[in-house]
Structures are given as structure tokens and as C-alpha cells.
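Me: Please pick one part of this model and take me through its surroundings in some detail. I'd like the cut-offs behind each term as you go.

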Amino acid sequence: MPKKIKECGKAHLISVPLPDHGDSYTVISHESVINHVYYELAAAGFGIVSEEYRATADGNIAQGIHVLQYNSDPELSMMFAWTNSYNKLVKFQCAIGAYVRVCYNGMVAGDMMNFKRKHTGSAVHDISMQLSNQIKSGEKH
């Protein structure tokens, strides 16, 4: 039976115990993703209008959605979203794209900026670099 993802608070995600899957698995903590997203968004000049966090009941699969302050258009904005897991079921993923405020739809096109990475080897470094590149390049797309 699939696990349902429900809204949760940032504190809940941070409190989830880190997994120990052995040497081949590189842990990417939900907290480090959240902190890095905040840092990169601020460095790129984006403000966060709203954020939403979701997770499975055990917190092993988590998602963050950040609606960004972008120009003065009342109908169109940007959003940055990510997914992370501690249970090997989901690769780390992140993407930046447009957000339509009028109907609350997000649009993330595959040819803009998206990224998916297994939790192995240099995953922490690769994800850090990708978050930075996506957010810095987000306004161009």
C-alpha cells in the first residue's frame, strides 16, 4: 500500500532521524536541503512568499515547495520545489519554474532546470552545486 504524503511543518522534517544504510548510501538530510535552499534563494535575491512542506508519516520521504517573490506581476510568480528521501525509494529531485497565482498552478518544464540524483558518492556536493545553479539561473528561464 503506498504511503500518503501529507502537509507537515519544517520542524517535523528536521526531527526525522537520519538513516544508516551502510557505506554506499549518502545521507542528504532534509535540514541541509532546507538550509541550502534558504541560503541560495537569499543570495540570488529571491524572497520567499510562502512555503509548504509535505512528508510521509514517518518523514522518510519529504517535499518542499517555495513560492518566490518575483517582479510585480499579480498573476505570475516563480517556485522552487524539491523532494528528498531517507528510504531509497525516491531520488533527490529539484526544479525551478513558473507559478500561476490566479489558479495556483506550478509549471516546471523539463528543458528549463530540473535535476534528479541518487543518494550515492558525491551526492551532497552535486546537489549543493545544482541547487545553486538552478536558483541563480532561475530568473533567466
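Reply: Let's start with Tyr53, which counts as buried at 5% relative accessibility. Here buried means under 20% relative accessible area, exposed means over 50%, and partly exposed is in between, with a 1.4 Å probe and protein chains only. Before going on, two notes on the numbers: this is a predicted model, where local features need pLDDT of at least 70, side-chain atom pairs count only at pLDDT 80 or more, and totals for chains, interfaces and linings use all residues. Residues are numbered from 1 along each chain as its sequence is written, and side-chain values use heavy atoms, with hydrogens and water left out.

Tyr53 belongs to strand E2; helices (H or I, at least four residues) and strands (E, at least two) are DSSP runs, numbered from the N terminus. If neighbours within four places in sequence are set aside, Tyr53 is in contact (heavy atoms within 4.5 Å) with Lys6, Glu7, Cys8, Lys10, Leu13, Ile34, Tyr38, Gln63, Gly64, His66 and Trp82. One of these partners, Gly64, is 11 residues from Tyr53 in sequence, yet their C-alpha atoms are 4.6 Å apart in space. Closer along the chain, the Tyr53 side chain makes a polar contact with the side chain of Glu51, at 3.0 Å. A polar contact is a pair of N or O atoms within 3.5 Å; within protein, one must be able to donate a hydrogen and the other to accept it, and residues adjacent in sequence count only if both atoms are side-chain atoms.

The residues on either side of Tyr53 bring charge into the picture. Side chains of opposite charge can pair when their charged atoms come close. Arg54 and Glu52 do this through their side chains, in a salt bridge with an N to O distance of 2.7 Å. The rule asks for a side-chain nitrogen of Lys or Arg within 4 Å of a carboxyl oxygen of Asp or Glu, and the count by this rule comes to one salt bridge. Arg54 is partly exposed, with a relative accessible area of 29%, and Glu52 is partly exposed too, at 25%.

Next, the strands that flank E2. Two strands pair if DSSP finds at least two bridges between them. E1, residues 6-8, pairs with E2 in the antiparallel sense over three bridges, and Lys6 has Ala55 as its bridge partner in E2. E2 also pairs with E3, again in the antiparallel sense, over eight bridges; there Glu51 has His66 as its bridge partner. Five residues lie between the strands in the hairpin of E2 and E3, where Gly59 takes a positive phi near 80°.

From E3 the pairing carries on to E4: the two run antiparallel and are joined by eight bridges, with Val67 matched to Met79. Nine of the 10 residues of E4 are buried, so E4 is largely enclosed by the rest of the structure. E4 in turn is joined to E5 by eight bridges, and these two run antiparallel. Trp82, one of the contacts of Tyr53, stands opposite Cys94 in E5. The hairpin of E4 and E5 has six residues between the strands, with Lys88 in the turn at a positive phi of about 70°, although Lys88 is not a glycine.

Trp82 also links this region to the core. A nonpolar core is a set of buried Ala, Val, Leu, Ile, Met, Phe, Trp, Tyr and Cys residues joined through side-chain atoms within 4.5 Å. The largest such core has 21 residues, and those that touch the most other members are Leu13, Val37, Leu68, Phe80, Trp82, Phe92 and Leu131. At least two residues of this core come from each of helix H2 (30-43), strands E2 (47-55), E3 (61-69), E4 (76-85) and E5 (92-100), and helix H3 (123-137). A second, separate core of five residues includes Ile65, Val67, Met79 and Ala81. Leu13, another contact of Tyr53, also touches Cys8, His30, Ile34, Arg54, Ala55, Ala62 and Trp82, not counting residues up to four places away in sequence.

Stepping back to the whole chain, there are three helices and seven strands, and they follow the pattern β-α-α-β-β-β-β-β-β-α along the sequence. Buried residues make up 42% of its 141 residues.
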